[in-house]
Amino acid sequence: MKNYKELINYLYPRNSFRPSNYENISLIFSKFIKKEIIEQTKSKKDFLISILKVPALSLNFIKRIENQKKNLESCGYKSISLKLKTSSRLVVGLGAGHVLETSLTLHHIFGIPYIPASALKGVVRMVSFWEIVENKKIKDEREIEKLQEQTYDKQISDSDDENILKHKLLFGTQNFKGLLVFLDAYPEIQNNQDIFELDVMTPHYSGYYTKVQDPGDWENPNPIVFLTVKKGVNFCFNVLFDEFRAKEILKDEYFPEVAKNILRKWLSESSNLSNLVKNWIEAALKEYGVGAKTRLGYGIFE
């Protein structure tokens, strides 16, 4: 080989790429994109269409998740689980860096779409917070900011009311690790099931968005095709409650007593905690959605 270019051409012949030859969609979408591939498929849209033809692998993820929950339960965690189905398109990680302008969060090993635990926890925590705002009938923005500071920056105290204490105990504060542990949410996929579809967004003022020029009707629309998870895909959501730490907290003589009483109720009647968390998750996913473009109706579940 005389140079690097000849080596690349030898390892990746111009006509060697066939998406159907690969089982990991993540590799095709993120690693196998080269100039030669785009030239073969003629356009970004054709390349994404070729990905749609790759059958998704089931990998029996439900069994894997169940084994994971059993192992964690043996370590002192209580699992809270539910299944919901996408009622609209879902796209998580749309704005992440990618050579094709738009991205999609895919498992880097198994190549299936998933909802990261951090994204799920964020939207569920938001629902819990606004539930407190509604119960307190707070409308002033300054009061809402003070409540945000109280629920996130302030330590757990007997002066907090019950709803704020529940929020702090489960989601944590700056100085306290929350007792809820969110797991990544994975889809239920049958062999050869179609779970992806294409969508398009059309920015009309590219120059304005890039701060090059003022918006004007003389600019040409710029259609951007991107990959999404289609409507009707079942996802499994799993949250764990750290019972071991909760029991250890009860032994702490300096921990606020009112908060201890809440923990005792959750430990003696776990259904109360389970129903509370499930209601938050359902409200978060059915009303607000998760992922990108939720204000346009993406990421909603039923």
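How are α8 and α11 oriented to each other? The views below are taken from a predicted model, and the first of them takes up this pair.

**View 1. Packing of α8 against helix α11 (residues 257-268).** The two helices, α8 and α11, pack at an angle of about 70°, and their axes are 10 Å apart. Angles of 65 to 115 degrees count as roughly perpendicular, and α8 and α11 are therefore roughly perpendicular to each other. On the α8 side, the contact is made by Glu162, Leu165, Lys166, Leu169 and Leu170. On the α11 side, Val258, Ala259, Ile262, Leu263 and Trp266 take part.

**View 2. Helix α7 (residues 141-152) and its start.** Helix α7 has twelve residues. From its first C-alpha to its last, α7 reaches 16 Å, close to the 16 Å expected at 1.5 Å a residue. At the start of α7, a side-chain oxygen of Asp140 comes to within 3.0 Å of the backbone nitrogen of Arg142.

**View 3. The buried and exposed faces of α7.** Ile144, Leu147 and Thr151 are the buried residues of α7. Seen down the helix axis, these buried residues of α7 fall within an arc of 60°, so they line one face of the helix. An α-helix has 3.6 residues a turn, so residues three or four places apart point the same way. Exposed residues Arg142, Glu145 and Lys146 are carried on the face of α7 turned away from its buried side. The cover over the buried residues of α7 includes α6 (117-136), α8 (162-171) and β2 (172-173). Helix α8 thus appears in two of these views: it is part of the cover over α7, and it packs with α11.

**View 4. Surroundings of Thr86, in the loop between β1 (77-85) and α6.** Thr86 has a relative accessible area of 1% and is buried. A polar atom of the Thr86 side chain lies 3.0 Å from the backbone oxygen of Lys230. Neighbours within four places in sequence left aside, Thr86 is in contact with Lys230, Lys231, Gly232, Val233, Phe235, Ile300 and Phe301. Lys230 therefore appears twice in this view, through its backbone oxygen and in the list of contacts of Thr86, where Thr86 is buried.

**View 5. The chain as a whole, for orientation.** Twelve helices and eight strands make up the secondary structure of the chain. The chain has 302 residues, of which 43% count as buried. Among contacts in the chain with a separation of 6 or more, 70% are accounted for by residues 24 or more positions apart.

Methods. Residues numbered from 1 in each chain as written. Predicted model: local features only at pLDDT ≥ 70, side-chain atom pairs only at ≥ 80, totals over all residues. Heavy atoms only, no water. Helix = DSSP H or I, 4+ residues; strand = E, 2+ residues; numbered from the N terminus. Expected span 1.5 Å × (residues − 1). Buried < 20%, exposed > 50% of the residue type's maximum accessible area, 1.4 Å probe, protein only. Arc of directions from axis to C-beta. Contact = heavy atoms within 4.5 Å. Polar contact = N/O pair within 3.5 Å; in protein donor to acceptor, adjacent residues only side chain to side chain. Axes fitted to C-alpha atoms, helices over the stretch in contact; angles between N-to-C directions. Parallel < 35°, antiparallel > 145°, perpendicular 65-115°, else oblique.
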